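Visitor: I should be grateful for a close look at a single part of this molecule. Please describe the pocket and what surrounds it in one connected account.

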Amino acid sequence: MEQFRVSKLLSELGLCSRREADSYIEQGLVTVDGKVVSELGSRAYRSQKIELRLDAQKQQAARVTVILNKPVGFISHRDDDQEYQPAASLITPENFYAGDSKHTGRFNTKGLAPAGRLDIDSTGMLVLTQDGRIAKLLIGENSPIEKEYLVRVEGKLSFDDLDLLRHGLILDDQPLKPAKVSWQNEDQLRFVLREGRKRQIRRMCELVGLRVLGLKRVRMGRISLGPLPAGQWRFLRPEERF
């Protein structure tokens, strides 16, 4: 029977991410069959009982996730382009949307990072999180989470090209996964994707002769952007699941 790294098993159990697991192991906050393990790289069998101790559970529960309605002109990640402000700079008490929350909007933003990207000229739903489990769920290589976009376009689109948008295009020498694409109105398309290559929708549209005039992400998984105003953010509620 094969043994696996305890950090991998904790991640598989959905208790934390691997990086978080390594931190908890170093702190002596992980047990295997009731015994504390504190050495990085420790291994165990899947049949063994692997748990986080109470202090680790409290640390994990304190990690927050926020939803931001990103406006044009902000980059998703700090390393995208140093000339522009990162979207995380909008996560301030002044920009907190209290429309459906009793939270004060004040918390420690350390470790808050975008789970996915939105181009500088795109708007809409951007998730930022301190929780590695959510980051993995949203942007992992085999993420099952749908992302929905409304895309205003210019140009003519034939039925054959619409079918190509749905399945059959190739980017960077790799075929794209099937997508749901339909007309929302006479100049706006609705895209639903399960992958997120760099500037994917804009490049897809270019391949069929369309020019993108505006792009907005309105949903990730089961959570919609809703009435959140541009430039404002809210907390992911305890009952919400992607």
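Guide: In this predicted model, 33 residues line the largest pocket, and those nearest its centre are R117, G196, R197, K198 and R199. The space within the largest pocket comes to about 800 Å³. Sorted by class, its lining comprises 14 charged, 11 nonpolar and eight polar residues. Two helices and two strands each contribute at least two residues to this lining: helix 4 (132-139), helix 6 (200-207), strand 9 (147-154) and strand 14 (211-220).

Of these elements, strand 14 merits a closer description. Seven of its 10 residues are buried, so strand 14 is largely enclosed by the rest of the structure. Its pairing partners may be taken in turn. Strand 9, which also supplies residues to the pocket lining, pairs with strand 14 in the antiparallel sense through eight bridges. Within strand 14, L215 has V151 standing opposite. Strand 8, covering residues 123-129, runs parallel to strand 14 and is joined to it by two bridges. Here K216 of strand 14 faces T123 as its opposite residue.

A further partner is strand 15 (residues 223-224), which forms an antiparallel pair with strand 14 over two bridges. In this pair, I223 of strand 15 stands opposite M220. Strands 14 and 15 make a hairpin with two residues between the strands, and in that hairpin G221 adopts a positive phi near 60°.

Methods
Residues numbered from 1 in each chain as written. Predicted model: local features only at pLDDT ≥ 70, side-chain atom pairs only at ≥ 80, totals over all residues. Heavy atoms only, no water. 1 Å grid on protein atoms, 1.4 Å probe; cavity = no way out; pocket = protein on both sides within 12 Å on 5 of 7 lines; lining within 4 Å. Points joined across faces, edges and corners; volume = space filled by probe spheres on them. Helix = DSSP H or I, 4+ residues; strand = E, 2+ residues; numbered from the N terminus. Nonpolar A, V, L, I, M, F, W, Y, C, P; charged D, E, K, R; others polar. Buried < 20%, exposed > 50% of the residue type's maximum accessible area, 1.4 Å probe, protein only. Pairing = 2+ DSSP bridges.
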